[in-house]
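Visitor: Please take a close look at one helix pair in this model, and then set it beside the rest of the chain.

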Amino acid sequence: MSVESPQKIDTSKLDKIMAEYNYDKSNLIAILQKVQEEFKYLPENAMTYIGTKMEGLSPATVYGVATFYAQFSLEPKGKYEMKCCDGTACHVRGSMPVLNAVKARLKLKDGQMTTDDGLFSVETVSCLGACGLAPVVVINGKVYPQMTSDAVKIVLDTILSEGN
Ligand code: FES
């Protein structure tokens, strides 16, 4: 997967987005949403650039806002975006063993969201609206119901064996 490296960020795209919002710091969240739409995540030096270009902001402030809101991703997403539900219904039916099996199978370290090869990104969500099928995992929009740690490993093995 090609991930846009920090050095390759096109700052003209950032300038365009900030200009759309008049470089107004009260629009920072909307600006960050647009940047995330553009790059699929918030690259660190995009946040630094915004923090130095906009009056009344600093890179630290921009970073603080980006990390406060769960909607922002500071890491690039994988080719396969996996959401593991840990809402109440899924939790009581064993979502944690499923999540642990996912992390072990994909060799994700603590706090790591995207695999080193960029193939998978894994996030925990609080409800996917399919509580009757708990515990639920969604991969690129496809719902996998009633997961167990063994079942989720089979799902991952199948995807991995498809020659990705
Ligand atoms: S709690 Fe998992 S789908 Fe609702």
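**The H6-H7 crossing**

Guide: The crossing in which H6 passes H7 is right-handed, meaning that the near helix is turned clockwise from the far one by less than a right angle; an anticlockwise turn would make it left-handed. This is a predicted model, in which local features need pLDDT of at least 70 and side-chain atom pairs count only at pLDDT 80 or more, while totals for chains, interfaces and linings use all residues. Numbering starts from 1 along each chain, as its sequence is written. Helices (H or I, at least four residues) and strands (E, at least two) are DSSP runs, numbered from the N terminus.

H6 covers residues 95-105 and H7 residues 149-161; their axes come within 8 Å and cross at roughly 35°. Here axes are lines fitted to C-alpha atoms, for helices over the stretch in contact, and angles run from 0 to 180 degrees between N-to-C directions. On the H6 side, Pro97, Val98, Ala101, Val102 and Arg105 take part, and they meet Ser149, Val152, Lys153 and Leu156 of H7. Contact requires C-beta atoms, placed from the backbone, within 7 Å. By class, six of the residues in the contact of H6 with H7 are nonpolar, one is polar and two are charged. The nonpolar class is Ala, Val, Leu, Ile, Met, Phe, Trp, Tyr, Cys and Pro; the charged class is Asp, Glu, Lys and Arg; the others, Gly among them, are polar.

As for the rest of the chain, the domain assignment lists domain 1 (10-68) and domain 2 (80-161), with bounds from an automatic or database assignment. The domain centres, taken over C-alpha atoms, are 31 Å apart. The protein chain has seven helices and four strands, in the order α-α-α-α-β-α-α-β-β-β-α from the N terminus. Of its 164 residues, 22% are buried, that is, with 20 or more other C-beta atoms within 10 Å of their own, against 12 or fewer for exposed and partly exposed in between, C-beta atoms being placed from the backbone.

Helix H1 (residues 11-20) has Leu14, Ile17 and Met18 as its buried residues. They lie on the same side of H1 because they cover an arc of only 95° around the axis, the arc being that of the directions from the helix axis to the C-beta atoms. Ser12, Lys16, Ala19 and Glu20 are exposed on the other side. Helices H2 (28-39) and H3 (44-53) are among what covers the buried residues of H1. Asn22, which follows H1, has a positive phi, near 55°.

Terms used. Two residues are in contact if their C-beta atoms, placed from the backbone, lie within 7 Å.
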